Amino acid sequence: MSSSKGKDVVEGSSRSGSGGIATDQQNPPPLSRYESQKRRDWNTFGQYLRNQRPPVALSQCNANHVLDFLRYLDQFGKTKVHLQGCVFFGQPEPPGPCTCPLKQAWGSLDALIGRLRAAYEENGGLPETNPFASSSIRVYLREVRDSQAKARGIPYKKKKKKRNPMKASDDHSSSFSMQ
């Protein structure tokens, strides 16, 4: 009796078309943390463009809109960035409070631009017209990084790429054969 019940359920499921395969297609696997953040960032940027007066269509968006968006985000920042005139300017761990502004950390902005750059192309934008890949964005991020490093008194050190010893020896040997 119990074996026929199980059989009925399976047969009923296959007849109704709601088998395991169809259910998997209806409920895609959950997004990774990165994909969720990228989607949230993309939606936030789209909302920012729609809130402009007049609203800006994504097709009309350029690097200046992106720069304005990054500056707009500073008001929500949590990183204290000391101004040149501040007594704590250049001190990594200031001993007291000051009135310097809170801003978005350089690393957060850099990661945000990386996600938005990918999202732009995933949503049909052409790599050649990607406003997030603009040289002015790279310059802005470099300036933010350098100014925040100076304000904290900690120079930014770029991580050096590890050289592949096999590739280095190949390059070295090929230079001898050309001489």
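A salt bridge is a side-chain nitrogen of Lys or Arg within 4 Å of a carboxyl oxygen of Asp or Glu. By that criterion, a search of the whole structure, which is a predicted model, returns 5 salt bridges.

## Overall layout

The protein contains 7 helices and 2 strands. Their order along the sequence is α-α-α-α-β-β-α-α-α. Of the 179 residues in the protein, 26% are buried.

## Salt bridges

The table lists three of the salt-bridged pairs, with the N to O distance of each.

| Pair | Distance, N to O |
|---|---|
| Lys 38 and Glu 35 | 3.2 Å |
| Arg 115 and Asp 41 | 2.4 Å |
| Asp 146 and Arg 145 | 3.2 Å |

Lys 38 and Glu 35 both belong to helix H3, which spans residues 33-50. They sit 3 residues apart, about one turn of the helix. The two ends of this bridge fall into separate burial classes: Lys 38 is buried, with a relative accessible area of 3%, whereas Glu 35 is partly exposed, with a relative accessible area of 29%. The pair also takes part in a network of salt bridges that links Glu 35, Lys 38 and Glu 122.

The side chains of Arg 115 and Asp 41 form another salt bridge, at 2.4 Å from N to O. This bridge links distant parts of the chain, with Arg 115 in helix H5 (residues 106-122) and Asp 41 in helix H3, 74 residues apart. Is each partner buried or exposed? Arg 115 has 16% relative accessibility and therefore counts as buried. Asp 41 is also buried, because its relative accessibility is 8%.

In the salt bridge between Asp 146 and Arg 145, the closest N and O atoms are 3.2 Å apart. Asp 146 is partly exposed, with a relative accessible area of 32%. Arg 145 is partly exposed as well, at 21%.

## Nonpolar core

The largest nonpolar core has 24 residues, and those with the most contacts inside it are Phe 45, Val 66 and Phe 132. Two or more core residues come from each of H3, helix H4 (63-73), H5 and H6. H5 gives the most, with 7 residues.

Val 66 also appears in a contact across the sequence: its C-alpha atom is 9.5 Å from that of Ser 134, although the two are 68 residues apart along the chain. Ser 134 lies in the loop between H5 and H6. With a relative accessible area of 19%, Ser 134 is buried, since the class takes in values under 20%.

## Largest pocket

The largest pocket has a volume of about 240 Å³. It is lined by 15 residues, of which Val 81, Lys 103, Glu 143, Ser 147 and Gln 148 are the closest to its centre. Which element gives the largest share of the lining of the largest pocket? Helix H6 (residues 135-152) does, with 7 residues. By class, the lining is made up of 6 nonpolar, 5 polar and 4 charged residues.

## Cysteines

The structure holds 0 disulfides. Cys 98 has its closest cysteine sulfur in Cys 100, at 3.7 Å. That is too far for a bond, because a disulfide needs the two sulfur atoms within 2.5 Å. Elsewhere, Cys 61 is buried, with a relative accessible area of 10%.

## Loops

The loop between H3 and H4 contains Pro 54. The peptide bond from Arg 53 to Pro 54 is cis, with omega near -5°. Most peptide bonds are trans.

Gln 84 is placed in the loop between strand S1 (79-80) and strand S2 (102-103). Is Gln 84 buried or exposed? Gln 84 counts as exposed, because its relative accessibility is 67% and the class begins over 50%. Along the sequence, Gln 84 and Ala 151 are 67 residues apart, while their C-alpha atoms are 7.4 Å apart in space.

Note on methods. Residues numbered from 1 in each chain as written. Predicted model: local features only at pLDDT ≥ 70, side-chain atom pairs only at ≥ 80, totals over all residues. Heavy atoms only, no water. Helix = DSSP H or I, 4+ residues; strand = E, 2+ residues; numbered from the N terminus. Buried < 20%, exposed > 50% of the residue type's maximum accessible area, 1.4 Å probe, protein only. 1 Å grid on protein atoms, 1.4 Å probe; cavity = no way out; pocket = protein on both sides within 12 Å on 5 of 7 lines; lining within 4 Å. Points joined across faces, edges and corners; volume = space filled by probe spheres on them. Nonpolar A, V, L, I, M, F, W, Y, C, P; charged D, E, K, R; others polar. Core = buried A, V, L, I, M, F, W, Y, C linked by side-chain atoms within 4.5 Å.
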